[in-house]
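Work through the following exercises with the structure open beside you, and try each task before reading its solution.

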Amino acid sequence: MAPYILRRMVSAIAVMAMVGIFVFLLIRLTPGDPAAVMAGRNATEQIIAGIREQLGLNEPLPVQFIHWLSAMLHGDFGTSIFSGRPVLELLLQRLEPTNSLSILTLALSVAVGVSFGIQAAWRAGGLVDRLLTVFSAFGYSVPVFVIGYFLVYLLAISVAWLPVQGYAPIEEGFGDWFSHLILPTIALSLPFIAFVARVTRASMLEVLSEDYMRTAAAKGASSYAMLVHHALKNAGVPILTVIGLSFAYLIGGVVLTETVFNIPGVGRLVVDAINNRDYPIIQSVLILTSGVYVLINLAVDLAYTLIDPRIRY
Amino acid sequence: MTITRRTFMESALAAGTVLALASALRAQDKQTIRMIMEDIQVFDPVFSTSSAAINHATAIYDTLFALDANLLPQPQMVGKWDVSDDKKTYKFALRDGLEWHDGTPVTAADCVASIRRWGQVEASGQLLLERAADIAAVDETTFKITLREPHGLVLETLATTGQPLFIMRKQDAKRPATEQVTTNIGSGPYRFNADLTKPGARYVYDRNEQYVPRDEPASGFAGGKVVKVEQLIWENIPDPQTALAALQSGEVDFWMTPVADLFPTIESDPGLVLDTLGQNGSDWLVRMNFLQPPFNNVKMRQALLHLIDQKVFLRLLSPDPKFGRTVSSMFGVGSPYSSDVNTDWFKEGGDLAKAKQLIAESGYAGEKVVILDPTDWPEGNLASQLLANVLQKAGINAELAPMTWSELVVRRAKKEPVAEGGWSLLITYFSDFEIRDPMATSLMLMNGEKAWYGWPQNEEYEALRAKWPDTETQEERKELAREMQRIWWDYVGVVFLCQTLTPTARSKSLVDMIRFPSIERPMWNMRKV
């Protein structure tokens, strides 16, 4: 397995390098000027030109690229054009909220989605199965911000049980941290619960119709043993794939939830950076995100061997 | 243990009560004011003209002079000052007790360096530097400005509010104006708390316990800057619905720029209040490219003045009539220099027949008119679309060029014809306070290349503007302003679309906020009850 992991790590570096070059060129070829954004709405041409010169934005593209590449190879992600602070520091500040939200969302989605999917498959055509169909349609079709606003109105404004917005770091207290994440986690989880539940149901239905399940039933295995030990383990590969994809998607795709609940996460950092043309932040975050994507895929591939002994690398 | 339905309900209620209690305690903290403000992209108020940078600087830096509620300059950091009989030498002595946030004393050398850096970018500051033979420290706490010729606006310049002269430490102020100062060490009533600040999300300011306010009561940006709370927290909440919910739930106390479609909800909430805080509002305008056809022809510009009906743009940009009005004076609505001179002929606007007549007289031959359309700025986008529609009705070959604001600021600098990537018209706004006199902003210049985008040129107007600093009384300036306005509207320097007022929203428990005509806000004196 070690050579396989090594090969995948090398390919991850290649992917990140390609993403880096692509992003570098794309954002610089897109019209827009960070100097103009910094100077303010009605700044004069002379002031903007001075800032552009100071930031080195007048240098030819190949020169800028070599500066950037050389810094990256030395592990320097650069400095934000706007705040003047190191990109890595800004990114680390924003990772905790995004990771907290992603992990809680994933935990809730897996717990509820897998249970829901198993129940629906076990009693296919029954009430739970039909409820899942309705819930899935709801989860897929209602946008996160609609659910978010509804939850805020219900639980934060009407009964004032939970905070409307913001994020409290975990070191300031678990209760405050958790209470700030309840509403965004529920809002963000609904489509993922629907997704995981549908895939679990489909996968379980296929396994439950296998001969060995009938044999297990004939041997007197309990419902729990049949579902968890025999069926779920064999239905696990597609479920694990979906969970892995969901986590990767969550890391980069929580922008809307972070905006609605005013969570200072990575998603908002990137959106603000794109609006302002803060090149070092955009480049670094996208490169790191691509790396995380590749690593999660690798972790999922390796996890297959744990639940399916037939898979070997 | 079996969980019964009753146990479950009791547990849920208990959990809800605990959470609600925590939320209520947070809201009742009277020593912290939480405000929804714009994101501070740049901290340096010389490097950037954005109102966010100016508000930040107003909190942490101090100024030599400041305008009071009557727009008169009053000493702030300065204790005593005098002027020589020939009116060429001004001497300023700093008041006692001025100290930087790092504990070192404020010196005259800091003031001199700050004036020199700020004077590189601010219009009235540039003029002061041009007229100054020398600006130098006399001793640790005294400095003087020696002029080549008398300059009637020295105190007004030092107290200017659009891009104020904030005093920075000498080592910060020695940087070029195009290099950002990020140390955030001032001598003002608040200290910037970098540890609790999260750029892009939250900015925290602690009360400066060492700050010695003046004895006079607060008035505008002048008087005693008494901070009555321990901490200010500025939140950047980009989503308006979330911002409103945070205000309604008491999680924040103040919202700087609520969006117009939420005004009715805010007004109907008994715990909230909408208040302009004395702001004069924003003057929306069309700027023409004076270098290229067809608006290099004065008759086309005059046709545009006849064509625009401000009441129509008002309905679009300020649906609530309480928060909008028309503008006709080149100095806006709230300036002492505002007048009706030479405005009768176009004031009503919406005169299609007259506009068509002027267009015909101009010899317009269907040249393409490109309107820069900022699609990521909803109001600017709507106003651009309406403008295109109005022009097309008058037979002008108008075309929208959709782009982001960031792209627009690059394109507006192009002087070439539209066929080579240039432009004809763009929409923007200036605060009414910014255009209050002809020295306040580059929009008021008509000196070609040095003027704001569009680059108008009129020697007669510029000759009058050059006299402005030499006037000594407001009456003299008023007379001069009337003469300048006569030329301005004959030439058509801009075409106003309307003025919108942006009220702030706040909890009724936040009181004693200082009222002032500018967009920027004094952050002292206020308290929670």
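**Exercise 1.** Determine whether B:Val492 is buried or exposed, and describe its backbone.

Solution. B:Val492 has a relative accessible area of 0%, and it is therefore buried, a term that means under 20% relative accessible area, with exposed meaning over 50% and partly exposed in between (1.4 Å probe, protein chains only). Its place is the loop between α15 and β20 (495-500) of chain B, where helices (H or I, at least four residues) and strands (E, at least two) are DSSP runs numbered from the N terminus. Its phi is near 65°, a positive value in a residue other than glycine.

The model is predicted, so that local features need pLDDT of at least 70 and side-chain atom pairs count only at pLDDT 80 or more, while totals for chains, interfaces and linings use all residues. Residues are numbered from 1 along each chain as its sequence is written, chains are lettered from A and ligands numbered from 1 in the order in which they are written, and side-chain values use heavy atoms, with hydrogens and water left out.

**Exercise 2.** Find a residue of chain A in a loop whose phi is positive although it is not glycine.

Solution. Look at the loop between α12 (255-260) and α13 (266-276) of chain A, which holds A:Asn262. The phi of A:Asn262 is near 50°, and this residue counts as buried because its relative accessibility is 4%.

**Exercise 3.** Locate the cis peptide bond between B:Pro293 and B:Pro294.

Solution. The bond from B:Pro293 to B:Pro294 has omega near 5°, and B:Pro294 sits in the loop between β15 (282-288) and α9 (298-307) of chain B.
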